[in-house]
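Open the structure in your viewer and keep the selection tool at hand. The tour goes from the whole chain to helix pairs and then to single residues.

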Amino acid sequence: MNPIHEMNEKKKLIITTALKLFSAKGSAATSMQEIAELCGMSKGSLYLMFKSKEELEASTLEYCMFALIDEMTQIEHEAGLTSRERLHRQIETLLIHVSELKEFLRVQLRSMMMDDEQKHGDKCNPQHRDLEVRTLHWFKGKLEDLYGPEIEPYTIDLIILTHGLFLSYVKIWFTEMPSLTVAKMATNMLQTIDYTAQGLLEHKPAPLILLEHWPAWTSESYADSPMLRHPVHIIKQMQDMITSDLQPGQLRTDALETIAILKQEMMEFTPRRAIILGMMHNLNHIPAIQPLHSELQHIMDAMYSRFIQADSSNQ
């Protein structure tokens, strides 16, 4: 087995094992020794990959976020759903993830809030800002699908409302009323957003915060950040376009084989940069998929720049 691939598989095993333990009893009650034993390795080997439990927790949280984003994106591209049904499913998915990771997320959210207070006024973590921008674009699109483009001035007001509702529901669910169901909470949240949006459109009050005044919207360094699009879904769209737009022949056969390799590599926990670059180069000459190729290239550039920053900070 390729040693790089083997290392990636070991990292995936460590992270998924840690996630199970963190979710079952919280990170404070889980030791690195316990994680190492369940992974069938020594504690020293574990520390070669993750220098501290804090670093492992951060990697586990990132793994959870990508898993959630992937599920949300799959729902986004699921056929036969209305905009409302799609959003309802996505809210349910988010609540289910939060429920499954309750103990782990409780500690992580508390830690993140403390970090925000300590770093108030400092430059935001680029990865957190990138996620904030992506979420803002995604939610703005959702609102416009449901209520039309005239809802745009109230985007931030509705984000604040939704954020508050979600946190309040989760807190009550975990502490006071465990009998609440995911379906009931999702339905109630969507209805509350409906009533608020309809009232805003009818009475047209001045927004509390204009979209153009929101830092995440006006940040130039993230202005071209892509939507919540998983690379695999971009690759699938490439595959569909090549199948429909290219005439049968060697060019189409080679392109589809390249797409298959690219998709398989992208499914790895840590995709290998050399393979990705090679396959991307092979697809660069096909005009029909150039916009998708550029979008995927942008995402991969951002992904590997984070890896490089992480590697340099660990040296």
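What follows is a list of stops, each with something to select and a note on what is there.

**The whole chain**

Start with everything shown as a cartoon, and keep in mind that this is a predicted model. The chain has 14 helices and zero strands, so every element in the run from the N terminus on is α. Of the 315 residues, 37% are buried. Among contacts between residues at least 6 apart in sequence, 70% join residues at least 24 apart.

**Stop 1: H4 and H5**

Select residues 53-76, which form helix H4, and residues 83-100, which form helix H5. Their axes are 9 Å apart, and the two helices pack at an angle of about 160°. H4 is therefore roughly antiparallel to H5, since angles over 145 degrees count that way. The crossing of H4 past H5 is right-handed.

Now show side chains where the two helices meet. On the H4 side, pick Ala67, Leu68, Glu71, Met72, Ile75 and Glu76. On the H5 side, pick Arg86, Arg89, Gln90, Thr93, Leu94 and His97. Coloured by class, this contact shows five nonpolar, three polar and four charged residues.

**Stop 2: the loop between H4 and H5**

Move to glutamate 78, in the loop that joins H4 and H5. Is glutamate 78 buried or exposed? Neither label fits, because its relative accessibility is 31% and it counts as partly exposed. Leaving out residues up to four places away in sequence, glutamate 78 touches Arg86 and Arg89. Both of these arginines also belong to the H5 side of the contact with H4. Draw a distance between the side chains of glutamate 78 and arginine 89: a polar contact of 3.1 Å joins them.

**Stop 3: H5 and H9**

Keep H5 selected and add H9, residues 182-203. The axes of H5 and H9 come within 9 Å and cross at roughly 130°. H5 is therefore oblique to H9. This crossing is right-handed.

For the contact, select Arg84, Leu87, His88, Ile91, Glu92, Leu95 and Ile96 in H5. Their partners in H9 are Val182, Ala183, Met185, Ala186, Thr187, Met189, Leu190 and Asp194. By class there are ten nonpolar, two polar and three charged residues in the contact of H5 with H9.

**Stop 4: just past H9**

Go on to lysine 204, in the loop between H9 and helix H10 (215-218). Which sign does the phi angle of lysine 204 have? The phi is positive, about 50°, although lysine 204 is not a glycine. Lysine 204 counts as exposed because its relative accessibility is 61%.

**Stop 5: two residues of H8**

Select residues 155-175 to see helix H8. Threonine 155 is found in this helix and is buried, with a relative accessible area of 0%. A polar atom of the threonine 155 side chain lies 2.7 Å from the backbone oxygen of glutamate 152. What does threonine 155 touch, not counting residues up to four places away in sequence? Select Leu136, Phe139, Lys140, Leu143 and Leu211 to see these neighbours.

Leucine 161 is also found in H8. With a relative accessible area of 25%, leucine 161 is partly exposed. Mark its C-alpha atom and that of threonine 192: they are separated by 9.2 Å, and the two residues are 31 apart along the chain.

**Stop 6: H12 and H13**

Finish with helix H12, residues 250-266, and helix H13, residues 273-283. Their axes come within 10 Å and cross at roughly 155°, which makes H12 roughly antiparallel to H13. Here the crossing is left-handed.

H12 contributes Ala255, Thr258, Ile259, Ile261, Leu262, Glu265 and Met266 to the contact. H13 contributes Ile275, Ile276, Met279, Met280, Asn282 and Leu283. By class, the contact has ten nonpolar, two polar and one charged residues.

Last, centre the view on threonine 258 in H12. Threonine 258 is buried, at 9% relative accessible area. Setting aside its neighbours within four places in sequence, threonine 258 is in contact with Met279, Asn282 and Leu283.

Technical notes. Residues numbered from 1 in each chain as written. Predicted model: local features only at pLDDT ≥ 70, side-chain atom pairs only at ≥ 80, totals over all residues. Heavy atoms only, no water. Axes fitted to C-alpha atoms, helices over the stretch in contact; angles between N-to-C directions. Helix = DSSP H or I, 4+ residues; strand = E, 2+ residues; numbered from the N terminus. Parallel < 35°, antiparallel > 145°, perpendicular 65-115°, else oblique. Left-handed = near helix turned anticlockwise from the far one by under 90°. Contact = heavy atoms within 4.5 Å. Nonpolar A, V, L, I, M, F, W, Y, C, P; charged D, E, K, R; others polar. Buried < 20%, exposed > 50% of the residue type's maximum accessible area, 1.4 Å probe, protein only. Polar contact = N/O pair within 3.5 Å; in protein donor to acceptor, adjacent residues only side chain to side chain.
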